[in-house]
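Work through the exercises below with the sequence and coordinates open. Each task is followed by a solution in steps.

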Amino acid sequence: MSTDNPIADYESELKKLERIVSAMESGELPLEAALEQYEQGITLIRQCQEALNRAEQKIQLLSRDPHTQEENLIPFDEASQ
């Protein structure tokens with residue numbers, strides 16, 4: 001990612017990844033170009049995963065009760081029931 005904040009770059013990196021997937025699914029890339037796109041895609045996947053991990057950590061920190069340091073989150077699955 002281009003900045004020190006992967007969360008800020010998440011949307012643009014995800015769009016790049018979507019373009020790579022579309023190009024590869026078309027089946028029109030020569031083998032060498034497909035391999036380059038695959039490598040770039042793997043890098044983007046890792047960067048997006050890092051952004052998601054950081055966002056999750058931030059949510060966990062923000063959701064803590066400042067007095068008890070316990071999380072006040074309801075798991076998503078339980079919240080929808």
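**Exercise 1.** Locate E18 in this predicted model, classify its exposure and relate its position to G41.

Solution.
- Step 1: E18 sits in helix α1.
- Step 2: The relative accessible area of E18 is 46%. Buried requires under 20% and exposed requires over 50%, so E18 is partly exposed.
- Step 3: In sequence, E18 and G41 are 23 residues apart; in space, their C-alpha atoms are 8.9 Å apart.
- Step 4: G41 is one of the buried residues of α2, and the cover over the buried residues of that helix includes α1 (6–26).

**Exercise 2.** Compare the span of helix α2 with the expected span, and list its buried residues.

Solution.
- Step 1: Helix α2 covers residues 31–62, which is 32 residues.
- Step 2: The expected span is 1.5 Å times one less than the number of residues, which gives 46 Å for α2.
- Step 3: From the first C-alpha to the last, α2 reaches 46 Å, close to that expectation.
- Step 4: The buried residues in α2 are A34, G41, L44, Q47, C48 and A51.
- Step 5: Y38 also belongs to α2. Together with M24 and L29, Y38 forms a nonpolar surface patch with about 270 Å² of accessible area.

**Exercise 3.** Find the salt bridges in the whole structure and describe the exposure of each partner.

Solution.
- Step 1: The search returns two salt bridges. The cut-off is a nitrogen-to-oxygen distance within 4 Å.
- Step 2: One joins the side chains of K16 and E13, at 3.6 Å from N to O. Both residues lie in helix α1, three residues apart, or about one turn.
- Step 3: E13 has a relative accessible area of 5% and is therefore buried, whereas K16, at 33%, is partly exposed.
- Step 4: The other joins R54 and E50, whose closest N and O atoms are 2.8 Å apart. Because R54 and E50 are four residues apart in helix α2, about one helical turn separates them.
- Step 5: R54 is partly exposed at 35% relative accessibility, and E50 is partly exposed at 34%.

**Exercise 4.** Summarise the fold and the surface of the whole protein.

Solution.
- Step 1: The protein has three helices and zero strands, in the order α-α-α along the sequence.
- Step 2: Of its 81 residues, 16% count as buried.
- Step 3: Among contacts between residues at least 6 apart in sequence, 50% join residues at least 24 apart.
- Step 4: The accessible surface is about 6,700 Å², and carbon and sulfur atoms account for 52% of that area.

Technical notes
Residues numbered from 1 in each chain as written. Predicted model: local features only at pLDDT ≥ 70, side-chain atom pairs only at ≥ 80, totals over all residues. Heavy atoms only, no water. Helix = DSSP H or I, 4+ residues; strand = E, 2+ residues; numbered from the N terminus. Buried < 20%, exposed > 50% of the residue type's maximum accessible area, 1.4 Å probe, protein only. Contact = heavy atoms within 4.5 Å. Patch = residues over 30% accessible without salt bridge, like charges linked within 9 Å, V, L, I, M, F, W, Y side chains within 5 Å. Areas by Shrake-Rupley, 256 points an atom, 1.4 Å probe, with all protein chains shown as cover.
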